[in-house]
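Me: I would like to go through the ligand site of this model with you, asking each time what a term rests on. Please set each value against its cut-off before you conclude.

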Amino acid sequence: MTNPTSRFDSETDTVYSRAGTNTEPFSFNDAVARVFPDMIRRSVPGYTTIVPMIGLIAARFARPGTVCYDLGCSLGAVTLAMRHSIPHTDGRIIAVDNAESMIERCQHYIALDDGQLPVALQCADIRSIDYQPASVVALNFTLQFLPPGDRDALLSRLCRALTPGGALVLSEKVAFDDPAEQALLEDLHLDFKRAQGYSEMEISRKRNALEEVLVPESVAAHRRRLEKAGFKQVTLWHQSLNFVSIIAIAPEETA
Ligand code: GEK
């Protein structure tokens with residue numbers, strides 16, 4: 001299949017390009033949804049590698065008759081990757097996002113897609129939905145937008161919803177305890193954004209808007225939380241600068 005991240009007809013991200021406007025905290029509104037594929041590709045190093053890889057991970061862990069969740073699906077890039085990699089059609093993908101403008105656009109791309117695995121879209125908060133038995137759950141750069149105090153409870157619920165041996169893929173922007181490591185990787189991330197054509201003004205205005213909205217934690221903190229939630233094998237499978245992706249596997253037998 002083609003890389004799902006190249007399927008979207010995105011406008012160029014100019015959300016923070018005009019001085020003096022839009023000093024609100026960052027939110028997933030219509031202006032962001034319109035340019036989202038361009039924004040995430042130019043802001044998150046490794047994104048275009050991680051998305052198709054989640055398809056391959058899903059193909060390995062998805063079990064017939066179960067659900068695969070794409071939580072914080074945005075326009076459905078991970079949903080499409082999973083849909084075209086999972087070899088069976090007995091089951092379904094449930095893609096959830098609480099931003100209406102994202103879900104509307106996601107609906108459009110799913111309707112254009114010819115994959116056979118059923119997809120259901122839900123406009124809802126991932127903290128408050130009832131989870132069905134799932135063999136795969138993807139949280140691709142979504143947990144970072146929940147208040148840290150809400151993260152433990154969600155991961156515990158997801159671990160309970162996963163079938164024995166099922167997999168959670170957790171991708172996050174991370175922070176580092178060592179100040180030198182933090183400074184180096186943050187500087188390199190800024191270099192990445194400059195190389196993607198963002199101006200100093202766009203970079204600094206987006207950074208201000210994301211303050212307190214996107215709260216990164218260390219890999220060690222994520223690992224501790226996943227283990228506390230009941231996950232057995234926690235493996236970091238991808239890192240690009242200060243962006244990582246982790247596979248966490250639910251226990252084979254629940255106690
Ligand atoms: C991708 N996974 O393209 N409930 C539901 N959705 C939420 C919540 C919540 N509580 N909080 C945030 N979101 C996608 C990229 S973007 C990452 C994910 C980014 C949604 C929010 O509306 C947005 O669509 C998504 O999580 C995060 O692979 O923009 O850096």
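Reply: A polar contact is a pair of N or O atoms within 3.5 Å; please keep in mind throughout that the model is predicted.

Me: What makes the pair formed by Ser-74 and the ligand a polar contact?

Reply: A polar side-chain atom of Ser-74 lies 2.8 Å from an oxygen atom of the ligand, and because the cut-off is 3.5 Å, the pair counts as a polar contact.

Me: Which backbone atoms pair with a nitrogen atom of the ligand, and at what distance?

Reply: A polar backbone atom of Gly-72 is 2.8 Å from a nitrogen atom of the ligand, and a backbone N or O atom of Ile-126 lies 3.0 Å from a nitrogen atom of the ligand; both values are within 3.5 Å, and therefore both pairs are polar contacts. Taken alone, the ligand exposes 660 Å², of which the protein buries 95%.

Me: Why are residues such as Tyr-47, Asp-97 and Asn-140 said to be around the ligand?

Reply: A residue is counted because one of its heavy atoms lies within 4 Å of the ligand; 22 residues are around the ligand, and Tyr-47, Gly-72, Ser-74, Asp-97 and Asn-140 come nearest. By class, this shell has 13 nonpolar, six polar and three charged residues.

Me: How do you know that the ligand sits in the largest pocket?

Reply: The test is that more than half of the atoms of a molecule lie within 2 Å of the pocket's grid points, and the space taken by the ligand is indeed the largest pocket, with a volume of about 1,100 Å³.

Terms used
Residues numbered from 1 in each chain as written. Predicted model: local features only at pLDDT ≥ 70, side-chain atom pairs only at ≥ 80, totals over all residues. Heavy atoms only, no water. Polar contact = N/O pair within 3.5 Å; in protein donor to acceptor, adjacent residues only side chain to side chain. Areas by Shrake-Rupley, 256 points an atom, 1.4 Å probe, with all protein chains shown as cover. 1 Å grid on protein atoms, 1.4 Å probe; cavity = no way out; pocket = protein on both sides within 12 Å on 5 of 7 lines; lining within 4 Å. Nonpolar A, V, L, I, M, F, W, Y, C, P; charged D, E, K, R; others polar. Points joined across faces, edges and corners; volume = space filled by probe spheres on them.
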